[in-house]
Amino acid sequence: MKENSYFYTAMYLRLSKDDKVVFDDDNLGEAAGKNGESKAESNSIGSQREMIRSFIKEQADMELYDSYVDDGFSGSNYDRPEFKRMMCDIEAGRVNCVVVKDLSRFGRDYIETGRYLEKVFPVLGVRFIALTDHYDSFSADWGERTIVLPVKNFINDSYCRDISTKVKSQLAVKRRKGECLAAFAVYGYRKAQKDKNRLVVDDYAAGIVRRIYAWKIEGMAVSAIAGRLNNLHILSPREYKKSLGLNYRGGFSGGSSSGWSSPSVQRILTNEVYIGHLVQGKTERVSYKVKKCVEKPEEEWIRVENTHEPIISADDFAIVQNLLQADGRVSPEKKELNPFMGLLFCGDCKEQMVRRVNRYKGAEKVYYICSTKNRGEGCSRHSIEENMLKGLAGTVVRQYANDFLEQEKLFGQAQDREANLQAVISFNKEIARLKQEQDKYYSLCARLYEDLREGVITKEEFERLHNGFQKKAESLTAAEEKQEQLVREMFKAGVLSAGRLAAFKESLKLTEIDRHTLASLVKRIWVYEGKRVEIEFYFTDRYQAMKDYNNGIAPGVAAASRRTESQERTALAETGMGV
């Protein structure tokens with residue numbers, strides 16, 4: 001560049017969010033004033049502008065062409081609107097000099113900053129000046145260009161990395177404390193007015209969430225629920241936030257439509273926030289220089305329980321998760337709900353059974369067949385009539401509920417007598433089985449030492465077998481601890497919630513088991529050829545734990561239990577089926 005050149009100068013100013021944010025214990029990442037403005041921000045931008053303007057006025061060969069201000073943009077990348085506009089003016093030949101307060105205002109990315117200063121600007125004939133760093137490319141010598149400038153850029157980059165690490169650390173601490181750090185509350189909740197990191201129930205939206213869960217338990221498919229919400233003209237989560245005046249741009253709009261979609265309903269049905277738990281930290285930035293986020297493995301998520309008021313009970317949430325595993329597509333024309341949807345499976349191929357209606361001469365016959373056979377892919381029909389299945393399910397559910405409540409009553413009497421908890425644990429058959437299995441593997445480990453000493457196996461075989469036996473023994477220890485914890489919770493806090501026990505009692509009064517009761521108590525129904533049916537219930541672990549203890553302390557209970565099982569088999573034999 002010639003010494004007598006005249007410079008049309010760009011004044012570049014930048015202020016990042018980190019520069020203007022006031023960090024405190026209650027509002028991490030929130031600016032002090034309205035619209036993100038603060039006194040520190042205005043002073044910083046004003047200070048930069050005044051310093052550069054004064055410098056340009058003192059230069060006889062400089063003329064200010066324009067000011068470029070990127071307010072609230074990080075220096076870790078160059079994806080900034082005003083910086084891009086400045087580069088367009090430079091490439092068009094309108095600007096041939098750039099002045100900044102210091103190198104960090106220009107950028108903090110070591111590699112990109114070096115590329116602009118050492119390659120791009122020299123090629124375009126642009127003079128670069130950083131005032132407080134006393135750098136001027138017009139007069140800089142070899143040492144300044146090759147040593148001083150890279151070192152300063154590296155320091156600025158390190159500062160950005162350090163800030164990123166500190167912010168991530170503070171955010172992780174807040175997540176572990178159960179504070180909600182999302183910019184917007186999930187549908188069904190809103191941010192508390194005094195504490196923006198706490199969720200409170202939004203009564204209107206919470207009512208919609210409860211209806212969604214109720215519809216799913218009644219047997220509706222996810223797609224059918226989305227269709228019903230749209231037919232009722234209920235605003236989708238995205239549109240609802242906008243109706244509240246929130247500047248919400250995220251979420252899924254479902255293509256060109258802004259209504260409800262299957263994914264939006266699915267997210268509500270699988271989100272633990274509705275049972276009072278917060279699960280955060282599911283994604284992370286690739287690096288502080290890149291905005292792209294990647295999914296983190298589930299074991300690294302931060303999950304904190306009971307952080308806010310639940311909208312859905314834990315029992316209903318668990319039931320819905322089970323039903324979602326077998327959710328299917330429902331024809332839009334079909335108005336009636338399938339009472340066994342998501343519950344009925346082929347006992348051989350484990351696929352869902354499909355409902356078929358046979359109409360002949362005004363008569364209608366409803367039955368279920370294996371979906372694998374229905375597709376012509378093997379298996380057999382496993383055909384069973386719906387009315388027969390309803391009668392069987394009603395009989396068995398009532399018997400199970402009655403026996404469960406009887407066992408719960410006797411177990412409750414033991415609690416009232418302040419029985420020894422360790423005695424309750426000792427009667428549990430599952431714990432005894434796990435202990436026996438665990439002892440077997442530890443015994444095998446001991447025999448391996450003898451086999452190694454006698455030369456029956458090599459050292460490599462010993463290590464391989466010993467590690468395998470050890471891992472199995474450790475897994476049994478974990479299962480044993482889990483079972484003991486279940487018994488402890490039952491003994492100290494009660495067998496089930498009051499609401500769930502009330503549902504058991506209500507089922508005894510029903511002449512015909514309704515869909516809600518069926519879905520609340522039955523986990524799976526397996527249908528085999530020969531009209532043989534197996535019913536898998538919820539809470540069987542609690543039932544068995546109570547039964548083991550009651551049988552252990554009262555011989556009369558065991559006899560009553562055997563009579564109940566006998567009566568159950570008789571009732572099933574009369575229907576031509578077995579369980």
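**Group meeting: contacts and surface patches in our model**

Hi everyone, let me start with one lysine: Lys390 has 28% relative accessibility, so Lys390 counts as partly exposed. Before I go on, please keep in mind that this is a predicted model.

What does Lys390 meet in a salt bridge? The partner is the side chain of Glu386, with 3.8 Å from N to O. Both residues sit in helix α13, which covers residues 386-416. They are four residues apart there, about one turn of the helix. Is Glu386 buried or exposed? Glu386 is buried, because its relative accessible area is 5%. So this bridge has a partly exposed lysine and a buried glutamate. The story also goes beyond these two residues: salt bridges that share partners join Arg355, Glu386, Lys390 and Glu512 into one network.

How many salt bridges does the structure hold? The count is 22. Let me show you two others.

Take Asp79 and Lys84, whose side chains meet in a salt bridge at 2.6 Å, N to O. Asp79 is partly exposed, with 39% relative accessibility. Lys84 is partly exposed as well, at 43%.

Then there is Glu272, which forms a salt bridge with Arg303. Here the closest N and O atoms are 2.5 Å apart. Why does this pair tie together separate parts of the sequence? Glu272 lies in the loop between α10 (262-270) and β8 (278-280), while Arg303 is in strand β11, so the bridge ties together parts that are 31 residues apart in sequence. As for accessibility, Glu272 is partly exposed with a relative accessible area of 22%, and Arg303 is partly exposed with 40%.

Staying with charge, let's move to a patch on the surface. Glu284, Glu298, Glu299 and Glu300 gather there in a patch of negative charge. Where is Glu299 found? Look in the loop between β10 (290-295) and β11 (302-304). Glu299 reaches 69% relative accessibility, and it counts as exposed because the cut-off for that is over 50%.

While you have that region on screen, look at strand β9, residues 283-287, where you will find Thr283. Thr283 is partly exposed, with a relative accessible area of 40%. Its C-alpha atom is 6.1 Å from that of Cys293, and the two residues are ten apart along the chain.

Now for the nonpolar side of the surface. Which residues form the nonpolar patch? They are Tyr110, Ile111, Val151, Phe154 and Ile155, with about 500 Å² of accessible area together. Two elements each give two or more residues to this patch: α5 (110-124) and α6 (142-176). Of these, α6 gives the most, with three residues. Tyr110 belongs to helix α5, and at 35% relative accessibility Tyr110 counts as partly exposed.

Next, the aromatics. The model has 31 aromatic pairs. One of them is Phe128 with Tyr135: the ring centres are 6.4 Å apart and the planes are at 50°, so the pair is tilted. Phe128 is buried, with just 2% relative accessible area, and Tyr135 is buried too, at 7%.

Another tilted pair is Phe504 with Phe539, 6.2 Å centre to centre and 50° between the planes. This one links distant parts of the chain: Phe504 is in helix α17 (residues 498-509), and Phe539 is in the loop between β17 (532-537) and α19 (540-553), 35 residues away. Are these two rings buried or exposed? Phe504 is buried at 0% relative accessible area, and Phe539 is buried at 14%.

Going back to Phe128 and Tyr135, they also belong to a bigger group. Together with Tyr12, Tyr78, Phe83, Phe106, Tyr116 and Phe121, they form one aromatic cluster.

One last stop, for anyone who likes contacts across the sequence. How far apart are the C-alpha atoms of Ala214 and His516? They are separated by 8.4 Å, although the residues are 302 apart along the chain. Ala214 is in helix α7, residues 203-218, and is partly exposed, with 30% relative accessibility.

That's my tour, and thanks for listening!

How values were computed. Residues numbered from 1 in each chain as written. Predicted model: local features only at pLDDT ≥ 70, side-chain atom pairs only at ≥ 80, totals over all residues. Heavy atoms only, no water. Patch = residues over 30% accessible without salt bridge, like charges linked within 9 Å, V, L, I, M, F, W, Y side chains within 5 Å. Areas by Shrake-Rupley, 256 points an atom, 1.4 Å probe, with all protein chains shown as cover. Salt bridge = Lys/Arg side-chain N within 4 Å of Asp/Glu carboxyl O. Lys, Arg positive; Asp, Glu negative; His and termini not counted. Charge placed at Lys NZ, Arg CZ, Asp CG, Glu CD. Buried < 20%, exposed > 50% of the residue type's maximum accessible area, 1.4 Å probe, protein only. Phe/Tyr/Trp six-rings, centres within 6.5 Å; stacked < 30°, edge-to-face > 60°.
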